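This note is addressed to a colleague who is beginning to read protein structures. Please keep the sequence and the structure in view while going through the points.

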Amino acid sequence: MKEIIERLKANFSLLSLTTPEEGRAEAALARAAVETKRELFVWSITRGLRQFVNGGWKSTTVEPGDPQAAARLLSAGSIVPEKSIVVFLDFTSYLKDSVILRALRDSLPDARERFVTVVFVGAQLELPPELRREVADVELTLPGAEELANLVEATIEANAGRKDLVRPEGEALSRLVESARGLTLSEAENALALSLVSTRQLEPAVVSAEKARAVKSSGALEILKPPAGGLESVGGLGAVKDWIRTRGKAFSPAAKAYGLPNPKGALLVGVQGCGKSLAAKAAAATLQLPLVRLDVGAIFGGLVGESEANVRAATKTLDAIAPCVCMIDELEKAFAGSGAGKSHDGGTSSRVLGHFLTWTQEHESPVFLLATANDVTALPPE
């Protein structure tokens with residue numbers, strides 16, 4: 001939100017907001033329009049141009065179905081006034097047409113002079129080279145604790161007539177919000193509704209189960225159930241268990257108040273069958289954190305840029321779910337071929353590894369990474 005407002009005040013001509021949550025993006029832009037005292041318009045191929053007026057959407061005279069005419073909306077004399085935000089939904093696919101691209105580029109100087117900002121919104125935005133350097137990317141992160149708490153409150157108000165509904169407060173509310181971390185706002189809303197239907201209450205267990213289903217559908221991440229008993233159920237490995245218990249204390253409120261950094265994790269190395277994976281899973285139960293498995297193999301896709309986008313999405317989801325334990329099994333096999341002179345995929349493996357290494361080094365979210373490997377010599381030197 002802050003990034004959007006700052007760029008609007010700086011009179012950026014082009015912004016891109018990559019997100020599958022169109023409704024949430026429109027709501028954020030509506031708040032930004034109020035904050036910067038601008039008019040807000042939204043164009044789509046099916047609805048044409050709509051204007052946000054008095055908290056609702058109003059149709060204009062611009063008919064749907066003409067992307068070329070939409071590109072000219074930014075010019076002087078169009079229906080869009082000065083100091084406006086024009087949101088284009090799924091518009092970048094039409095920019096492959098050279099005439100539409102040319103019409104948009106011709107309109108941009110007028111837009112800049114009239115303080116009109118274009119915002120591209122879509123789940124996947126592929127911008128042509130002619131615009132790539134002119135567009136500022138703005139990230140719409142997954143909803144945080146405050147936004148999810150507001151959603152819980154809105155759900156309670158919408159069901160105010162139900163006398164049997166118990167309002168979660170204090171620790172119960174915190175558990176409910178934590179169970180929804182990592183979901184989009186619409187996914188969280190659906191999970192809360194499912195909980196009301198199945199249990200007639202807002203139950204964190206139901207929301208967590210729905211989150212596990214939603215996260216698994218993304219392909220690369222899967223929320224697992226840790227083994228009962230935690231590290232006590234693991235035989236041997238005394239040094240590993242002591243180390244995990246000691247590092248786990250850094251997740252406590254007292255450690256955070258003291259200013260201790262979040263522990264990053266460890267690499268467990270040993271022969272097959274010695275208990276590495278079991279120890280990693282049991283650590284989540286002992287630390288009382290969600291257990292998330294990252295399948296690096298599922299990250300790689302066949303389309304250009306798909307693998308890089310998948311690993312970025314996976315790490316963003318991990319940051320949103322945090323605090324959690326993230327387990328990666330057989331790390332050396334996951335990144336096989338990423339070393340120097342081993343790339344046979346145009347450098348995709350190296351780019352995925354590069355992003356993963358940067359994230360492990362720089363992320364500030366409380367994600368405790370436990371990876372396993374049989375042979376460290378097979379790992380890339382990094």
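The numbered points below concern a predicted model and treat its strands, a helix, its nonpolar cores and one residue in turn.

1. Strand S2 is a suitable place to begin. S2 covers residues 39-44, and 5 of its 6 residues are buried, so the strand is largely enclosed by the rest of the structure.

2. Two strands pair with S2. Strand S5 (residues 84-89) runs parallel to S2 and is joined to it by 5 bridges; within this pairing, Phe 41 has Val 86 of S5 as its bridge partner. Strand S3 (residues 48-53) pairs with S2 in the antiparallel sense, over 4 bridges. Here Ser 44 is matched with Gly 48 of S3, and a hairpin of 3 residues connects S2 to S3.

3. Helix H6 has the length one would expect. At 1.5 Å a residue, its 14 residues (145-158) should span 20 Å, and this agrees with the separation of 20 Å between its end C-alpha atoms.

4. Which residues of H6 are buried? They are Leu 148, Leu 151, Val 152, Thr 155 and Ile 156. Viewed down the helix axis, the buried residues of H6 fall within an arc of 140 degrees, so they line one face of the helix. The face turned away from that buried side carries the exposed residues Glu 146, Glu 157 and Ala 158. The buried residues of H6 pack against two further helices, H7 (171-180) and H8 (185-199).

5. The nonpolar cores deserve separate attention. The largest of them has 28 residues, of which Leu 294, Leu 318, Ile 328 and Phe 335 touch the most other members. When residues up to four places away in sequence are not counted, Phe 335 touches Val 296, Val 352, Leu 353, Phe 356 and Pro 380. A second, separate core consists of 27 residues, including Val 86, Phe 91, Ala 103 and Leu 131. Val 86 also appears in point 2, as the bridge partner of Phe 41.

6. Leu 287 lies in helix H12, which covers residues 276-287. Is Leu 287 buried or exposed? Its relative accessible area is 15%, and because the limit for a buried residue is under 20%, Leu 287 counts as buried. Leaving aside neighbours within four places in sequence, Leu 287 is in contact with Ile 244, Gly 248, Phe 251, Val 325 and Phe 368. By contrast, Glu 26 is 261 residues from Leu 287 along the chain, and the C-alpha atoms of the two are separated by 39 Å.

Technical notes. Residues numbered from 1 in each chain as written. Predicted model: local features only at pLDDT ≥ 70, side-chain atom pairs only at ≥ 80, totals over all residues. Heavy atoms only, no water. Core = buried A, V, L, I, M, F, W, Y, C linked by side-chain atoms within 4.5 Å. Buried < 20%, exposed > 50% of the residue type's maximum accessible area, 1.4 Å probe, protein only. Contact = heavy atoms within 4.5 Å. Expected span 1.5 Å × (residues − 1). Arc of directions from axis to C-beta. Pairing = 2+ DSSP bridges.
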